[in-house]
Structures are given as C-alpha cells and as structure tokens.
Amino acid sequence: MVSKTRERFIEVARQLFARKGVENTTMNDIASASEKGRRTIYTYFKSKREIFNAVIASEADQLLARLREIVAMEDSPRDKLVKYIDCRFDTMNEIVSRNGSLKAGFFRDVRKVDRARKLITDKETALLREILEEGVRQGVFNIENMNHSALVITHTIHGLDVPYIRDNLSKEGITQEQLKRYVTKLILNGIEKR
C-alpha cells in the first residue's frame, strides 16, 4: 500500500509537470489529482523538488531497464553495443517527448539536465562497461582503460542528447538515424580489434 501510494504520487506529478510545467504545479495540485490529502503527500515527499527528483528517477529506471535487457542478450558484444546506442538515444527522446513541458525545461535549464543525468550516469556507465568487458574477453574489442572508455562513451552519448532530440543536425543533412550510425561507427572504429 505504501509503495502504491508513493508511485501514484510520482505518476500524477509526472503528468501534471508534463501538462502544466514544474513551476506551475503545486504540491496541492498533486495531492488533489491523486485524490489524497496534502498531509499524505508530505508523508512521502518533503518538497516539490523531491517529488520532481522521484519523477526523474522513475523515468531513469525505465531507461536503465531497457539497457539492462540489451546487456543480458545473447548477442555479440558488437551487436549489443549497436543496440545499446540506438536504445539510449531513442529512449531518451521518448522520455523527454512524453513529458510535454518538461521537454521545454530539458532544453532550457542545463543544470536540471545535468542533475537528472547524474542520477543515472554511473549506472549507464556500468552497463556499458559490461558490454565492453565482454568484447575484450572475446577478443573483439581492444580497450586500454575500461573505466575511462566506458565513461567517455557515456558522456559522448549524453552530449548528443539535445541535438538528437531536437533533430538539430537535420539542417546539415544528418538525420537522427544517421547520427546514431555515425556515433556507433566512431565508437566501434575506436575499440574494435583490427
């Protein structure tokens, strides 16, 4: 019961934040839309920022779950890496797009984006490292420093989130699909054994 109530608050807050914006949503709005009293919401969350962070964490969990599925596949490390990159870009695009006015905030407030990323960067990097380690064990990847490589690749992908989601590179003739292919090719060319 406790976790269901908490999860209900998170989902209602996500919907309200997406529709009205974080700034225009109050704790009263969330409590009312959840059909719970204001005291009840404060039992679970001390502030709107705390519930906002819970919304971000919930979305991050969905991304991480999809990435874990790829890591667990029986595919080759190379194929896993291709799927990982593809999934990472598409899932972030889906999450940001699904959240309406959160999308505007995503592009407007770099600090918020960085705070949200910090929640999952270590976990993403660890999942990516698993793929890279498997590739080294199988002799298909040549990687000097596993930790550094996983971190650099993770941040490279993060750095392209906004151009990918906004489709900024289309003016240069680069589609979202091409961007994913270019990033994948650059990474693979840097780590595959020749």
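Accessible areas here come from the Shrake-Rupley method with a 1.4 Å probe.

**Figure 1. The whole chain, seen as a predicted model.** By that yardstick the protein exposes about 10800 Å², with carbon and sulfur atoms supplying 50% of it. Buried residues make up 42% of the 194 residues. If you want a box for setting up, the C-alpha atoms fill roughly 65 × 40 × 25 Å along the principal axes. The secondary structure comes to 10 helices and zero strands, so reading from the N terminus you get α-α-α-α-α-α-α-α-α-α. As for contacts with a separation of 6 or more, 68% of them come from residues 24 or more positions apart.

**Figure 2. Phe-9 and Tyr-44, one of three aromatic pairs in the structure.** The ring centres sit 5.8 Å apart and the planes make 55°, so this pair is tilted. Tilted is the label because stacked would need planes under 30 degrees apart and edge-to-face over 60. Phe-9 belongs to helix H1 (residues 2-20), while Tyr-44 belongs to helix H3 (residues 38-44), so the pair ties together parts that are 35 residues apart in sequence. Phe-9 has a relative accessible area of 0%, which means that it is buried.

**Figure 3. Phe-89 and Tyr-164, another aromatic pair of the tilted kind.** Here the rings are 4.9 Å centre to centre, with 35° between the planes. What does this pair tie together? Phe-89 comes from helix H5 (residues 77-98) and Tyr-164 from helix H9 (residues 161-166), so the pair joins parts that are 75 residues apart in sequence. Are the two partners buried or exposed? Phe-89 is buried, at a relative accessible area of 1%, and Tyr-164 is buried too, at 2%.

**Figure 4. Helix H5 packing on helix H10 (residues 176-191).** Stay with H5, the helix that carries Phe-89, and look at its contact with H10. The two helices pack at an angle of about 145°, and their axes are 10 Å apart. H5 passes H10 in a right-handed crossing.

**Figure 5. Side by side: the residues where H5 meets H10.** From H5 come Arg-78, Leu-81, Val-82, Ile-85, Asp-86, Phe-89, Asp-90 and Asn-93. From H10 come Gln-176, Glu-177, Lys-180, Val-183, Thr-184, Ile-187, Leu-188 and Ile-191. Sorted by type, the contact holds eight nonpolar, three polar and five charged residues. Phe-89 turns up again in this list, so this buried residue takes part both in the H5 contact with H10 and in the ring pair with Tyr-164.

Conventions:
Residues numbered from 1 in each chain as written. Predicted model: local features only at pLDDT ≥ 70, side-chain atom pairs only at ≥ 80, totals over all residues. Heavy atoms only, no water. Phe/Tyr/Trp six-rings, centres within 6.5 Å; stacked < 30°, edge-to-face > 60°. Helix = DSSP H or I, 4+ residues; strand = E, 2+ residues; numbered from the N terminus. Buried < 20%, exposed > 50% of the residue type's maximum accessible area, 1.4 Å probe, protein only. Axes fitted to C-alpha atoms, helices over the stretch in contact; angles between N-to-C directions. Left-handed = near helix turned anticlockwise from the far one by under 90°. Contact = heavy atoms within 4.5 Å. Nonpolar A, V, L, I, M, F, W, Y, C, P; charged D, E, K, R; others polar.
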